[in-house]
Amino acid sequence: KKMIYWEDFTLQKTANIDSPIRLQGYYYSITDEGYDPFGFFYQNGVFIEIRGSNFKNFEEMDTIIQNAFINSKRYMSDRMIWGLYTIQDSIIRIETYYHISAFERCSSMLMGNIINDTTFIVHYLSIPYKKEVRKFENNYKYFRAFTPKPDSTQTFF
């Protein structure tokens, strides 16, 4: 069995004590096709990415999240969805894994600006391994209250 190579993250796990963004729920974006869940942020500096897109309404999105993260614990061992984030002044950085090949995962960094405690905008995705930077327009993330949040206990960081 071939081992998967995981590139080290550049961010350190950093507690976010006085968070400028709300943490008691998840963030999502709105597209022409519907709602796309983005992820959960935790006070301990951990981020969990939520996969899925084009949900027609909040109820549908909440149900998928409930089933994937609350009713099931499988997400806890899926290293691809775990990340770290830091906030400095109004700048947010979110580091997650990027799938390069069947056996390689590199780190990728989203960078953006916090607008208020329920909204931030993502400007760039940087993938150093691929020497690639993608610029985004109007990539807003909005807060949605959701309880209980998934357990952020993991063994990766």
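## A first walk through the structure

Ser126 makes contact with Ser107, Ser108, Met109, Met111, Glu132 and Val133, leaving aside residues up to four places away in sequence. This serine sits in strand E8. Is Ser126 buried or exposed? Its relative accessible area is 15%, so Ser126 is buried. As you look around, keep in mind that this is a predicted model.

### The nonpolar cores

A good place to go next is the inside of the protein. The largest nonpolar core is made of 23 residues. Which residues have the most contacts inside this core? They are Tyr26, Phe40, Ile48, Ile65 and Phe69. Four elements each give two or more residues to the core: strand E2 (25-31), strand E4 (46-49), helix H1 (58-70) and strand E5 (82-88). Helix H1 provides the largest share, with 4 residues.

Phe69 is a handy guide to this region. Not counting residues up to four places away in sequence, Phe69 touches Phe40, Ile48, Glu49, Ile50, Tyr75, Ile81 and Pro150. Apart from the largest core there is another one, with 18 residues, including Phe38, Ile92, Cys106 and Leu125.

### Two pockets

Now for the open spaces. The table sets out the two pockets side by side.

| Pocket | Volume | Element giving the most lining residues | Lining by class |
|---|---|---|---|
| Largest | about 510 Å³ | E9, 7 residues | 13 nonpolar, 8 polar, 5 charged residues |
| Second largest | about 190 Å³ | H1, 4 residues | 7 nonpolar, 1 polar, 4 charged residues |

Which residues lie closest to the centre of the largest pocket? Of the 26 residues that line this pocket, those are Phe38, Glu49, Leu110, Asn139 and Lys141. The elements that give two or more residues to the lining are E2, strand E3 (34-41), E4, strand E6 (91-101), strand E7 (104-116), strand E8 (119-127) and strand E9 (132-145). Phe38 also appears in the core of 18 residues, while Glu49 is among the residues that Phe69 touches.

The second largest pocket brings back some familiar names. Its lining includes Glu49, Ile50, Ile65, Phe69, Tyr75 and Ile81. Among the other lining residues are Arg51, Ile64, Ala68, Ser72, Arg74 and Asp78.

### Ser72, in a loop

Ser72, one of the residues lining the second largest pocket, belongs to the loop between H1 and E5. Why does Ser72 count as buried? Its relative accessibility is 15%, and Ser72 counts as buried because that value is under 20%. The side chain of Ser72 reaches the backbone nitrogen of Arg74 at 3.1 Å. Arg74 lines the second largest pocket as well.

### Arg144, in strand E9

The last stop is Arg144, which is found in strand E9. At 22% relative accessibility, Arg144 counts as partly exposed. Which residues does Arg144 touch, not counting those up to four places away in sequence? They are Gly25, Tyr26, Tyr28, Phe58 and Asp62. With Asp62 there is also a polar contact of 2.7 Å, which joins the side chains of Arg144 and Asp62. Tyr26, another residue that Arg144 touches, is one of those with the most contacts inside the largest nonpolar core.

Finally, here is a pair to find on the model: Arg144 and Gly34 are 110 residues apart in sequence, and their C-alpha atoms are 15 Å apart in space.

Notes. Residues numbered from 1 in each chain as written. Predicted model: local features only at pLDDT ≥ 70, side-chain atom pairs only at ≥ 80, totals over all residues. Heavy atoms only, no water. Core = buried A, V, L, I, M, F, W, Y, C linked by side-chain atoms within 4.5 Å. Buried < 20%, exposed > 50% of the residue type's maximum accessible area, 1.4 Å probe, protein only. Contact = heavy atoms within 4.5 Å. Polar contact = N/O pair within 3.5 Å; in protein donor to acceptor, adjacent residues only side chain to side chain. 1 Å grid on protein atoms, 1.4 Å probe; cavity = no way out; pocket = protein on both sides within 12 Å on 5 of 7 lines; lining within 4 Å. Points joined across faces, edges and corners; volume = space filled by probe spheres on them. Nonpolar A, V, L, I, M, F, W, Y, C, P; charged D, E, K, R; others polar.
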